[in-house]
Amino acid sequence: MTKQELAVDVRGLVKRFGNKIAVNGVDIQLPKGQVWGFLGPNGSGKTTTIRMICGLLSTDEGSGHCLGFDIIKQAPQIRRLTGYMTQKFSFWNDLTIRENLDFVARLYALPKRRTVVDNTLEKLQLQHRQNQLAGQLSGGWKQRLALAAVTMHNPKLLLLDEPTAGVDPQARRDFWDEIHHLSASGLTVLVSTHYMDEAERCDKIVYLAHGQLITQGTVQDIISNAKLFTYKAIGEGVRLAAETLRAQPAVAHAAYFGSALHVSGYDQSALLSAIQSHTPNIHWQAVEPSLEDVFIALMDNAGQDKRSYQ
Ligand code: ADP
Ligand code: MG
């Protein structure tokens, strides 16, 4: 892939806060027009990485380009072409919907502000509610409004930091339909999330733990690269089985998904004999590990967070 085809091309990003290493050598090569999911537990460095990519935070080490501009020397150019929705971003609840959009349009110094705001309201079909206070909108609507606001200046890249946290499932689906709609019109998107169904809607996933990139690829790549084996059981007996099985060395982890128990390990025959000998009355079925099974395993392998001591 040539440099021109990459919207984000950064290498070796490092960020320290005092003696804590928040991001410890992250590389991201995100092709134009794709939607990538950014995953990892809280504190793994997602927000810090996003802020370095768009030049809002200086890097301690590493370098690269975003939309063809140098992330260290050309941050203002990058910001003009980027829509960044910060974590927990919400509208000013005590301004009306129109006032909120107008305020963002002023921040970006958009020409023809009134027309741009009118068009955005129309696109969202919110003209009739433009004078309502934003605080009265549901969580899902606030996020749709926020997405519309960060795209008013026609950015080429969208950086969305947990945009759907705490939003109900239907509103999350609507939000993702909008992301795919924007992506179809040529935008590149990097979106952090904790939701597996959202991760599965991405072209690729990048997974961070303790400031380091642990794995990346399509859902299928990530599942097959993990080299994990999973057995699944459903029924009454499984409610109490997890604890016994977790104590077995062949079992990497046991996790409930609704009423099903997934038990995973790296040595298939050892795993099978452990589950058969400790839960003889349960019927187990070999299944492909889910993305969540893989992330639980990756987290376990990443171990304790030792960043403060480095
Ligand atoms: P994530 O977005 O994956 O939850 P963050 O990038 O917010 O992770 O944080 C990574 C680590 O860096 C965390 O341990 C966090 O406490 C620390 N951190 C982030 N921002 C700051 C800051 N401004 N000052 C000190 N520590 C910070
Ligand atoms: Mg964050």
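I started with the contacts in the chain: of those with a separation of 6 or more, 69% are between residues 24 or more positions apart. Worth jotting down at once: this is a predicted model.

**Overall look**

Next I checked the chain as a whole. I find 310 residues, and buried ones make up 48% of them. The secondary structure comes to 11 helices and 14 strands. Taken along the principal axes, the C-alpha atoms fill a box of roughly 70 × 45 × 35 Å. I also looked up the surface: the chain exposes about 15,100 Å², and 49% of that is supplied by carbon and sulfur atoms.

**Ligand 1**

Then I went to ligand 1 and listed what surrounds it. The shell holds F17, K20, A22 and P41, then N42, G43, S44, G45, K46, T47 and T48. By type, I get 3 nonpolar, 6 polar and 2 charged residues in this shell.

Which elements supply at least two residues each of that shell? I noted strand 2 (20-31) and helix 1 (46-53). Helix 1 gives the largest share, with 3 residues.

I looked up some polar contacts to the oxygen atoms of ligand 1 as well:

- A polar backbone atom of G43 is 2.7 Å from an oxygen atom of ligand 1.
- For G45, a backbone N or O atom lies 3.0 Å from an oxygen atom of the ligand.
- T47 uses its side chain: a polar atom there lies 2.8 Å from an oxygen atom of ligand 1.

How much of ligand 1 does the protein bury? Taken alone, ligand 1 exposes 560 Å², and the protein buries 64% of that.

**The magnesium ion**

T47 turned up again when I moved on to ligand 2, the magnesium ion. Its protein donors are T47, through OG1, and Q87, through OE1, and they lie 2.0 to 2.3 Å from the ion. I placed both donors in the chain: T47 sits in helix 1, while Q87 is in the loop between strand 6 (82-85) and helix 3 (97-107), so the pair ties together parts that are 40 residues apart in sequence.

Are these two donors buried or exposed? I had to write "in between" for each, since buried means under 20% relative accessible area and exposed means over 50%. T47 has 25% relative accessibility, so I put it down as partly exposed. Q87 comes out at 31%, so it goes down as partly exposed too.

**Note to self**

T47 is the residue to click on when I come back: its side chain has a polar atom 2.8 Å from an oxygen atom of ligand 1, and its OG1 is a donor of the magnesium ion.

Note on methods. Residues are numbered from 1 along each chain as its sequence is written. Chains are lettered from A and ligands numbered from 1 in the order in which they are written. This is a predicted model: local features need pLDDT of at least 70, side-chain atom pairs count only at pLDDT 80 or more; totals for chains, interfaces and linings use all residues. Side-chain values use heavy atoms; hydrogens and water are left out. A residue is near a molecule or strand if one of its heavy atoms lies within 4 Å of it. A polar contact is a pair of N or O atoms within 3.5 Å; within protein, one must be able to donate a hydrogen and the other to accept it, and residues adjacent in sequence count only if both atoms are side-chain atoms. Accessible areas come from the Shrake-Rupley method with a 1.4 Å probe; for residues, only the protein chains shown count as cover. Helices (H or I, at least four residues) and strands (E, at least two) are DSSP runs, numbered from the N terminus. Ala, Val, Leu, Ile, Met, Phe, Trp, Tyr, Cys and Pro count as nonpolar, Asp, Glu, Lys and Arg as charged, and the others, Gly among them, as polar. Donors are N, O and S atoms within 2.8 Å of the metal (3.2 Å for Na, K and Ca); water is not among the atoms, so sites may look incomplete. Buried means under 20% relative accessible area, exposed over 50%, partly exposed in between (1.4 Å probe, protein chains only). Contact means heavy atoms within 4.5 Å.
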